[in-house]
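User: I've got a structure open here and I'd like to go through it with you bit by bit. Can you take my questions as they come?

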Amino acid sequence: DVYKRQVALSMMDNAFYLDRHLLPQVSLEYRDLYRLLHGRGLDSITISDGASIGDLAELAGFLAEESSDLPAEGTVRLNERPYNRSDLLKQASMSEIRHSYAASLDFMHGVAESMEADIGADITDAVWTVEQLLEKVLLQPGASLLLSTLKTHDGYTFYHSINTSLLALTVGQVIGLDNDQLVGLGVGALLHDLGKIRVPAEIIQYPGRLDDKMWREIKRHPHEGAQAILAGSGEGQEIAALVALEHHARFDLQGYPNVDRRQKLHLFSRIAAICDVYDALSTRRAYKRAMPPAAALRIIKEGSGSQLDPDLVQIFVSILGIFPTGSLLRLDTGEVAVVVAAGHDGESMQAAVAISATGEMIPAPEAFELPVNRVQDLVLPDEVGLDAASLIESAHL
């Protein structure tokens with residue numbers, strides 16, 4: 001029977017599920033599609049084996065409102081709900097923090113659109129946005145680190161900004177900042193790269209060495225960001241503007257722009273700088289491959305004392321562990337494992353095998369205690385075709 005083999009895409013609570021499996025990164029990247037489907041009254045799309053190009057074209061026509069319905073007995077069927085709510089909720093324990101992440105993306109998109117339209121950006125909602133993230137970080141610090149592994153080079157600036165804020169909030173919590181200080185730190189980290197919206201995209205994405213003119217454009221973004229924050233926010237956001245201004249100034253003050261050498265960079269700027277560098281190194285972009293998280297952490301340590309505050313680097317490394325969450329590791333058995341929760345004793349971590357020694361994908365990875373001495377090598381996601389964020393979440397749950 002052609003209908004015995006089928007795949008179901010379900011939509012619930014702002015998330016996509018492929019059969020029973022939550023798609024965390026897809027849910028964030030394609031939230032506009034979710035809204036479209038939800039607006040058409042859909043909660044599931046079931047596609048049977050044997051579906052033709054014509055069947056899929058009919059589905060596309062229905063979604064584009066070019067037709068009012070699909071054939072009742074076709075290979076594409078709507079709202080059959082093959083999985084009930086309780087089946088899917090087992091996968092959704094992180095839905096609240098993911099919802100806050102999605103709200104942050106919406107906020108950043110709105111700010112970018114305003115700046116690009118030259119109508120001035122209202123960033124007063126930045127505080128509310130960070131408060132939502134902070135609430136989840138305080139309740140689930142491990143989950144916030146997990147969510148910061150979400151990477152995409154499409155819309156890189158927005159994901160990077162939120163990841164930098166999540167990492168900064170985690171550091172701030174560890175060093176004992178109070179709630180008001182954490183909100184200030186989170187807002188500064190969230191908006192630190194705001195000025196890049198004013199830099200032409202072809203320069204931001206340029207694959208080679210920047211010429212002098214391009215480099216001058218890049219070096220403008222701290223000033224542009226600070227000015228946009230001051231112009232678009234209420235009182236009390238001066239520190240956020242300072243973070244935007246100082247995040248490339250370096251701990252030794254040899255960066256840009258030039259700052260008063262009689263005083264240290266603000267604490268929040270020094271925290272944001274570390275989180276900024278780490279996330280930038282570990283994210284794939286259109287013109288460069290991502291570094292494995294552990295390799296990015298080594299670069300962070302190399303910059304300690306010159307580019308970055310050495311005391312804060314030590315704290316950052318202790319939080320992320322030797323192999324940070326999201327690392328893909330080749331084991332002594334030939335298997336590939338993903339780090340679910342970093343270890344802080346230097347001897348082990350929580351991990352889950354994602355690819356067998358024979359190269360087969362493991363459908364339901366299970367977490368286990370992995371000794372560091374079993375790790376043979378670091379693996380890049382592109383090398384093995386794995387989405388670390390989805391793997392971590394399924395193993396974590």
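User: Where does R270 sit, and is it buried or exposed?

Analyst: This is a predicted model, so keep that in mind throughout. R270 is placed in helix α14. Its relative accessible area is 14%, and the cut-off for buried is under 20%. So R270, in helix α14, counts as buried.

User: Which side chain makes a polar contact with R270?

Analyst: Leaving aside neighbours within four places in sequence, R270 is in contact with F251, K264, L265, D309 and L312. For one of these, there is a polar contact between the side chains, at 2.7 Å. That partner is D309.

User: What is the volume of the largest cavity that R270 helps line?

Analyst: The whole structure holds two cavities of 30 Å³ or more. Lining the largest cavity are R270 and D309, along with others including H248, F251 and L265. The space in that cavity comes to about 50 Å³.

User: Now the second largest pocket: which helix gives the most to its lining?

Analyst: The pocket has 26 lining residues and about 860 Å³ of space. At least two lining residues come from each of α8, α10, α11 and α14. The top contributor, with five residues, is α14.

User: Which residues lie nearest the centre of that second largest pocket?

Analyst: Out of a lining of 26 residues, five are picked out as nearest the centre. Two of them, W215 and Y256, also turn up as an aromatic pair. The full set nearest the centre is K196, W215, H248, Y256 and R285.

User: How many aromatic pairs are there, and what kind is the one between F16 and Y34?

Analyst: Searching the whole structure gives four aromatic pairs. For F16 and Y34, the ring centres are 5.7 Å apart and the planes make an angle of 75°. Planes over 60 degrees apart count as edge-to-face, so the F16 and Y34 pair is edge-to-face.

User: Which parts does that F16 and Y34 pair tie together?

Analyst: F16 is in strand β2 and Y34 is in helix α2, so the pair links parts 18 residues apart in sequence. F16 is buried at 2% relative accessibility, and Y34 is buried at 8%. The parts tied together are strand β2 and helix α2.

User: And W215 with Y256: how many residues apart in sequence are the parts they tie together?

Analyst: Their ring centres are 5.5 Å apart with planes at 75°, so this pair is edge-to-face. W215 is partly exposed at 37% relative accessibility, whereas Y256 is buried at 12%. W215 belongs to helix α11 and Y256 to the loop between α13 and α14, so the parts they tie together are separated in sequence by 41 residues.

User: What is omega for the cis peptide bond at Y256?

Analyst: The bond in question joins Y256 to P257. P257 is placed in the loop between α13 and α14. Omega for this cis bond is about -10°.

User: Which residue in the loop between α13 and α14 has a positive phi without being a glycine?

Analyst: The value is near 65°. At 12% relative accessibility, the residue counts as buried. It lies in the loop between α13 and α14, and its name is L253.

User: Over at helix α3, which residues are buried?

Analyst: The cover over the buried residues of α3 includes α2, β4 and β5. One of those buried residues, F62, has the charged end of R40 sitting over its ring, 4.4 Å from the centre. The buried residues in α3 are L59, G61, F62 and L63.

User: How far apart are the C-alpha atoms of V7 and S48?

Analyst: V7 lies in strand β1 and is partly exposed, at 32% relative accessibility. Leaving aside neighbours within four places in sequence, V7 is in contact with L18, D19, I45, T46 and I47. V7 and S48 are 41 residues apart along the chain, yet their C-alpha atoms are separated by 6.4 Å.

User: Last one: what share of contacts between residues at least 6 apart in sequence joins residues at least 24 apart?

Analyst: The chain has 18 helices and ten strands. Of its 397 residues, 50% count as buried. The share of those contacts that join residues at least 24 apart is 62%.

Note on methods. Residues numbered from 1 in each chain as written. Predicted model: local features only at pLDDT ≥ 70, side-chain atom pairs only at ≥ 80, totals over all residues. Heavy atoms only, no water. Phe/Tyr/Trp six-rings, centres within 6.5 Å; stacked < 30°, edge-to-face > 60°. Helix = DSSP H or I, 4+ residues; strand = E, 2+ residues; numbered from the N terminus. Buried < 20%, exposed > 50% of the residue type's maximum accessible area, 1.4 Å probe, protein only. Lys NZ or Arg CZ within 6 Å of the ring centre and 35° of its normal. Polar contact = N/O pair within 3.5 Å; in protein donor to acceptor, adjacent residues only side chain to side chain. Contact = heavy atoms within 4.5 Å. 1 Å grid on protein atoms, 1.4 Å probe; cavity = no way out; pocket = protein on both sides within 12 Å on 5 of 7 lines; lining within 4 Å. Points joined across faces, edges and corners; volume = space filled by probe spheres on them.
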